Amino acid sequence: DRTMMAEGKWKNVSLDVQPFGTVNFPKPLDLAWVTQNYHDLKIAKYGPVDTVAFDRAVYKALKPGGIFFVLDHQGWPGMTDDDIAKVHRIDKAQVIREVTSAGFKLQSEGTFLHRPTDDHHMVIFDPKVKGKLYAACSTRHDIPGWGPLTANKPNDAGGVCVSDDYGASWSVLGHGLPVLPCVLIAMDSVP
């Protein structure tokens with residue numbers, strides 16, 4: 001990210017490193033995006049985080065109508081914080097309950113990452129799960145020419161892509177992401 005910023009191409013993007021669990025942006029955002037680490041906010045060894053306060057801070061950081069996009073490994077109902085720390089997953093209902101308590105409304109839920117064979121009790125680092133990578137890609141993403149994705153390349157916008165072999169090959173799971181690099185947690189609109 002720092003290398004990308006040093007190139008000076010992204011005039012409306014800034015990089016600001018904050019302590020874990022901190023929400024502090026200099027101006028209102030259009031989008032706050034948390035990918036595969038909302039569960040980390042529950043893991044004590046990373047530092048104490050009040051997730052409801054975190055969600056409220058995200059809500060306040062967004063412009064009216066802004067989007068809070070949360071993507072994470074699904075766990076099972078009734079998980080404890082110890083369970084979350086062990087398997088690095090979180091109960092979807094818990095995330096929805098916490099996020100909506102901060103004022104958000106659940107607008108939609110993507111199902112393109114759901115896999116019937118996913119054992120929600122399995123540690124995400126298990127070899128049966130490990131090797132699976134997800135990427136938010138766009139027509140300007142840093143996968144040159146979409147490489148192995150060329151056959152599945154979205155026509156007009158990006159998508160969520162998956163690899164089952166540590167990135168050697170990729171397939172597109174869903175389309176509709178913006179034609180912007182999708183590599184940062186938060187983006188503001190183009191001025």
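Lys92 has a relative accessibility of 32% and therefore counts as partly exposed; that class sits between buried, under 20% relative accessible area, and exposed, over 50%, with a 1.4 Å probe and protein chains only. This is a predicted model, in which local features need pLDDT of at least 70 and side-chain atom pairs count only at pLDDT 80 or more, while totals for chains, interfaces and linings use all residues. Residues are numbered from 1 along each chain as its sequence is written, and side-chain values use heavy atoms, with hydrogens and water left out.

Back to Lys92. Its side chain forms a salt bridge with that of Glu109, at 2.9 Å from N to O. By salt bridge I mean a side-chain nitrogen of Lys or Arg within 4 Å of a carboxyl oxygen of Asp or Glu. The pair connects distant parts of the chain: Lys92 is in helix 4, Glu109 is in the loop between helix 4 and strand 3 (133–137), and they are 17 residues apart. Helices and strands here are DSSP runs numbered from the N terminus, with H or I and at least four residues for a helix, E and at least two for a strand. Glu109 is partly exposed too, its relative accessible area being 40%.

The structure has 4 salt bridges. As general background, side chains of opposite charge can pair when their charged atoms come close.

Which residue pairs with Lys42 in a salt bridge? Glu98 does, with 2.5 Å from N to O. Glu98 lies in helix 4 (residues 92–101) and Lys42 in the loop between strand 1 and helix 2 (51–61), so this pair ties together parts 56 residues apart in sequence. Glu98 and Lys42 are both buried.

Next, Asp30 and Lys63, whose side chains meet in a salt bridge at 3.4 Å, N to O. Asp30 belongs to strand 1 (residues 29–35) and Lys63 to strand 2 (residues 62–71), 33 residues apart. Asp30 counts as partly exposed at 27% relative accessibility, and Lys63 counts as partly exposed at 28%.

Those two strands also pair directly. Strand 1 and strand 2 run in the parallel sense over 6 bridges, where pairing requires that DSSP finds at least two bridges between the strands. One of the bridge partners in strand 2 is Leu62, which is matched with Leu29. Together with helix 2, the two strands make a right-handed β-α-β unit; right-handed means that, with the strands pointing away from the viewer, the path from the first strand over the helix to the second runs clockwise. In strand 1, 5 of the 7 residues are buried, so the strand is largely enclosed by the rest of the structure.

Now helix 4 itself. Its buried residues are Gln94, Val95, Glu98 and Val99. Seen down the helix axis, they fall within an arc of 120°, so they line one face; the arc is taken over the directions from the axis to the C-beta atoms. They pack against helix 2, strand 2 and helix 3 (81–87), contact meaning heavy atoms within 4.5 Å. At the N-terminal end, Asp91 caps helix 4, with a side-chain oxygen 3.2 Å from the backbone nitrogen of Ala93. Just after helix 4, Gly103 has a positive phi of about 115°.

Last, Lys128. This residue lies in the loop between helix 4 and strand 3 and is exposed, at 71% relative accessible area. Lys128 and Asp118 are 10 residues apart in sequence and 9.4 Å apart in space, C-alpha to C-alpha.

Key: A polar contact is a pair of N or O atoms within 3.5 Å; within protein, one must be able to donate a hydrogen and the other to accept it, and residues adjacent in sequence count only if both atoms are side-chain atoms.
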